[in-house]
Amino acid sequence: MNSTTDHRQLYKAFRDIISVVHSSIHLEDVMDLVAWKATEILGAKGAILRLLNIDTDELEISASYGISTEYLAKGPVSHHRTITDVCRQKKVIIIEELRTDARVQYPQEAWSEGYRFIIDVPLSVADDVVGILRLYFTKVRHFSEIELDWIIAIAEQCSCALGKARLIDTYEFKYHELATQTEKLSALGRMAAGIAHEINNPLAGVLLYSSNMIKKVPKGDALEEGLQVIIDETIRCRKIIQELLEFSKGREPTKVPTNINDIIGKALNILENEFLLNRIDMDKSLAPDLPDIMADGSQMEQVFVNLLLNAVQAVPEGGTIQVKSSLNQQESSVSIEVKDNGPGIGRKEQSKIFEPFFSTKPNGTGLGLSVSYGIVRNHQGNISVHSQPGEGTRFLINLPITQQESRGLHSALAGTAINK
Ligand SMILES: Nc1ncnc2c1ncn2[C@@H]1O[C@H](COP(=O)(O)OP(=O)(O)OP(=O)(O)O)[C@@H](O)[C@H]1O
Ligand SMILES: [Mg+2]
């Protein structure tokens, strides 16, 4: 071991790093400390910690210590020369001939800085090398086993912080996406409610007058056909408006104890002919003894009809649709899954399908899912889509079991345990 590095120093530096890894959510704090401690403890002139940017395919400087601004200004380096197969062994890579070694991208500049010896320590997250900690020395030196172990352990702690930061990023992104989606839908809902109210009254007038007029027109008159078109189209508009109002919480659900399996059964009956006509294989798996939940049966029926109809429209002739209900004891909720083996939905479309009027169908109004979303949210539930193009689509609904029912469920479960 180098005379300047005793066990106590190594241990203390390691402890400092661990404490920052656990206490800070800022990756920069960990990386700065690692660059500094590694330089100091191993007697290097400086250190650069580079992380892989997958968009540019380059290793970008994320932290440094003791390195001149001129050298840092060289910027990112190609990852192809640095993240090589040898890095996957998670060992320290020693570079003695830095003027000829392919791993060193700016050998002349490194030499001018007084660097004569370099070590690379790979940083990995879940078996992928995502960065390199490089230490620059002014002369060749030997490392003891303990020192090599120490630097590997430091790199592992840094990797751990990297993994944590990525996890936080993913959750932040998902949360932001969800918050934007919810905000967008509630703004659209408010707008839809306003428009729907404005249109509803003139529409009622058009329907009233055209219905009165058609009664006065003699059968077979040239006007009759035109008036019938006006009536039919006005009724269609009224239906759309009603659905819009429902989407925008225009109709509060009338909640009564409801068995979700019964509602699924009703929705399946409504669509029975569609299944037969399209030779669709219906795979039904409903959990027995599902507790009743407080729900508006007719609204929930509409949700299942919408989902099943979309599935029918998505699958090819002879396709398969699965409907599953289950009790989610941990979350005290009832889960319903509608899955098809249709073409699936691309990632970009997935973020739009719950918006009103988004449709990829020639005659679709694009309201089915937005109305369903509104209904499920009014039941304090949530609806999500899971799909990969080419691999079908799965809609998942979770409806909470109300507190009272949940107590009933828990005591029933407790009773079962005691009886056993
Ligand atoms: N199971 C599915 N498979 C593939 N795409 C789907 C599926 N369900 C929904 N989609 C996509 O989501 C869009 C929106 O669905 P939504 O039910 O809201 O409207 P729509 O079916 O187009 O019209 P409608 O208002 O008549 O229901 C669809 O146009 C379709 O692109
Ligand atoms: Mg639809």
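Modeller: Helices here are DSSP runs of H or I with at least four residues, and strands are runs of E with at least two, both numbered from the N terminus. The model under discussion is predicted.

Biologist: In which loop does asparagine 278 lie, between which helix and which strand?

Modeller: The helix on one side of this loop comprises residues 272–277, and the strand on the other comprises residues 281–286. Asparagine 278 therefore lies in the loop between helix 9 and strand 8.

Biologist: Is asparagine 278 buried, partly exposed or exposed?

Modeller: A residue is buried with 20 or more other C-beta atoms within 10 Å, and exposed with 12 or fewer. Asparagine 278 has 16 other C-beta atoms within 10 Å, so the residue is partly exposed.

Biologist: How many Å apart in space are asparagine 278 and proline 316, C-alpha to C-alpha?

Modeller: The two residues are 38 residues apart in sequence. From C-alpha to C-alpha, the separation of asparagine 278 and proline 316 in space is 8.0 Å.

Biologist: What span should helix 1 have at 1.5 Å a residue, and how far apart are its end C-alpha atoms?

Modeller: Helix 1 holds 17 residues, from 7 to 23. The expected span is 1.5 Å times one less than the number of residues. For helix 1 this gives 24 Å, and the distance between its end C-alpha atoms agrees, at 24 Å.

Biologist: Which residues of helix 1 are buried, and what arc do they cover around the axis?

Modeller: The buried residues of helix 1 are Leu10, Ala13, Ile17 and Val21. They lie on the same side of helix 1, because the arc that they cover around the axis is only 80°.

Biologist: Which residues are exposed on the other side of helix 1?

Modeller: An α-helix has 3.6 residues a turn, so residues three or four places apart point the same way. On the side of helix 1 opposite the buried residues, the exposed residues are His7, Arg8, Tyr11, Arg15, Ser19, His22 and Ser23.

Biologist: Which residues have the most contacts inside the largest nonpolar core?

Modeller: The largest nonpolar core contains 45 residues. Among the elements that give two or more residues to this core are helix 1, helix 2, strand 1 and helix 6. The residues with the most contacts inside the core are Val34, Ala38, Ala47, Leu133, Leu135 and Cys158.

Biologist: Which element gives the largest share of this core?

Modeller: Helix 2 has many candidates, as its buried residues include Leu27, Val30, Met31, Leu33, Val34 and Ala38. With 9 residues, the largest share of the core comes from helix 2.

Biologist: What is the phi of glycine 43, the residue that follows helix 2?

Modeller: Glycine 43 is in the loop between helix 2 and strand 1. The residue is partly exposed, with 16 other C-beta atoms within 10 Å. The phi of glycine 43 is positive, near 65°.

Biologist: What is the phi of aspartate 57, which is not a glycine?

Modeller: Aspartate 57 is located in the loop between strand 1 and strand 2. The residue counts as exposed, because 11 C-beta neighbours lie inside 10 Å. Its phi is positive, about 65°.

Biologist: Is glutamine 380 buried or exposed?

Modeller: Glutamine 380 belongs to the loop between helix 12 and strand 12, and its phi is near 60°, a positive value in a residue other than glycine. The cut-off for an exposed residue is 12 or fewer other C-beta atoms within 10 Å. Glutamine 380 has 12, so the residue is exposed.

Biologist: Which residues are the closest to ligand 1?

Modeller: The shell around ligand 1 consists of 20 residues. It divides into 7 nonpolar, 11 polar and 2 charged residues. The closest residues are Asn310, Ser359, Gly364, Gly368 and Leu369.

Biologist: Which helix gives the most to the shell around ligand 1?

Modeller: Two or more residues of the shell come from helix 10 and likewise from helix 12. The most, 4 residues, come from helix 10.

Biologist: Is glutamate 301 buried or exposed?

Modeller: Glutamate 301 lies in helix 10. With 21 C-beta neighbours inside 10 Å, against a cut-off of 20 or more, glutamate 301 counts as buried.

Biologist: What distance separates the centres of domain 1 and domain 2?

Modeller: The domain assignment gives domain 1 as residues 7–172, domain 2 as 182–247 and domain 3 as 256–419. Taken over C-alpha atoms, the centres of domain 1 and domain 2 are separated by 68 Å.

Methods:
Residues numbered from 1 in each chain as written. Chains lettered and ligands numbered in written order. Predicted model: local features only at pLDDT ≥ 70, side-chain atom pairs only at ≥ 80, totals over all residues. Arc of directions from axis to C-beta. Near = placed C-beta within 6 Å. Nonpolar A, V, L, I, M, F, W, Y, C, P; charged D, E, K, R; others polar. Domains from an automatic or database assignment. Core = buried A, V, L, I, M, F, W, Y, C linked by C-beta atoms within 7 Å.
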